[in-house]
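Here are a few short exercises to work through with the structure open beside you. Try each task before you read its solution.

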Amino acid sequence: MTRVEEHLGTNQPAGSPPEPIEDLIPEVRQRARRRRLKNLAIVVLAAALVASLIAITDSGSPATHRPGGAPSPSSLASTLANGSTVVPKQPVSLAVGPNGELYVADIGREQILRRSPNGRFVVVAGTGIAGYTGDGRLATRAELDGPGSLAIAPNGALYFAQTGQTRTSSGLMNSVVREVAPNGKITTVIGQDPNCALVPSNSISVPAQLAEFSGASLTVGSGGLLDVSTTVCPNVLHLGGFLQLTSSGKLVQTSVDAIPKTSGYCGGGIAGPGFIAFGCSSGSGRGPRLMVVRSNGSTENYPDTTSQPNDMSASNGTVVAIHNGAIVRVGVNGLATIATQRQLANLVPGATGGWPGVGIAIDRHGTVYVDQDFLFDRRGCADVIFEIGPSGQVRNLWHSALTRSCY
């Protein structure tokens, strides 16, 4: 049987003489044409079905902070790959995503940005207008107010702290923590309705929506859950130091709180293996310093002659900080220098001095990102973001134009 006969099958009446092959070719072509059209229709129908499923998924409720069933780590970056490209103004906090993507909280723009592989910055959250709006919508359509500490969960969800709308019992504006889910939508996960009066005095946890606090340092801890270093409802709860946002929406103390506390004017800490590191401004007659409290109760103070350490970061048990203008690693044997102020300044032609460091972040491979300002004699200042590789190589990722406003 020929290939044409195989294609047509044996539909001729029994006993009839076979038709010439050349007479069968038009029918073969017609059947092939019908089959191609049928296959094309199936493909179109399948594509329409997939599109409708995507639309239904996108129109659902925003993702929560719960780690289970999370989208792929790169989904947030993919969702916002075509976002607006902008120029940073005043970066204050850095964080690194699960795939190495760099995020920047920019209080000058009232936005959060992501650095693309081509070196440009794309808006992740914020319209550029200061405010506290947009929950339940795309984060790029939300108003932010002073976005600060950043943290990225393993599923790609981004968390940041910002100013809320309510005055606390101490007279300060409350803070809230907001989440940008991998689908690009924003929600408030801590501090939506601060009210310590509703929390019993003997509580050992507090519903996240009732938490009252001002300022916080965010990290991601065990199980991909958010850790918050702050003091919540100080007049009601003896909660402070390190709290974890559970999957049930409560803030509870973590095991890090077993490390003894010490007095002083210190910001949110960063936990390392067997210690907590704090940036402290003053207290007990001391000046600015980096303070390390060990699990055995011992305390180490490292004076900072330039400024208060502005930021710290941790990943895989490694804690890094800005100290005396240098980038240091905090370990069991004290501080180890990763990069000196001079090394960083050498990559900034014309710089005559350094200004206090602002933001720092470290990824799971040990690459460190740092944001610092540099003085240019009387001409002004420039903001620079550096990348420091695991082997110590340093490169300049971005720098601003000169400005008269040094911060």
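**Exercise 1. Find which elements of the protein have the lowest and the highest mean pLDDT.**

Solution. Start with the low end: helix α1, residues 3-8, has the lowest mean pLDDT among the elements, at 36. At the other end stands β9, whose mean of 98 is the highest. Next, look at the stretch around the low value: pLDDT is below 50 over residues 1-74, and this stretch still has 55 contacts in the model beyond near neighbours in sequence. Since this is a predicted model, keep the overall figures in view too: the mean pLDDT of the protein is 78, with 73% of residues at 70 or more.

**Exercise 2. Describe the fold in numbers: how many helices and strands are there?**

Solution. Count the elements, and you get four helices and 28 strands. Then turn to burial: 45% of the 407 residues count as buried. Finally, take the contacts between residues at least 6 apart in sequence; 45% of these join residues at least 24 apart.

**Exercise 3. Work out which residues of the largest nonpolar core touch the most other members.**

Solution. The core holds 24 residues, and those touching the most other members are Y159, V177, I190, L218, L226, V232 and L251. Now map the core onto elements: β7 (158-167), β9 (186-190), β12 (226-229) and β13 (242-245) each give two or more residues to this core.

**Exercise 4. Characterise the lining of the second largest pocket.**

Solution. First, the space: about 980 Å³. Second, the lining has 48 residues, with T219, V220, G221, A314 and S315 nearest the centre. Third, sort the lining by type: 25 nonpolar, 19 polar and four charged.

Definitions and conventions
Residues numbered from 1 in each chain as written. Predicted model: local features only at pLDDT ≥ 70, side-chain atom pairs only at ≥ 80, totals over all residues. Heavy atoms only, no water. 1 Å grid on protein atoms, 1.4 Å probe; cavity = no way out; pocket = protein on both sides within 12 Å on 5 of 7 lines; lining within 4 Å. Points joined across faces, edges and corners; volume = space filled by probe spheres on them. Nonpolar A, V, L, I, M, F, W, Y, C, P; charged D, E, K, R; others polar. Core = buried A, V, L, I, M, F, W, Y, C linked by side-chain atoms within 4.5 Å. Buried < 20%, exposed > 50% of the residue type's maximum accessible area, 1.4 Å probe, protein only. pLDDT = per-residue confidence, 0-100. Contact = heavy atoms within 4.5 Å.
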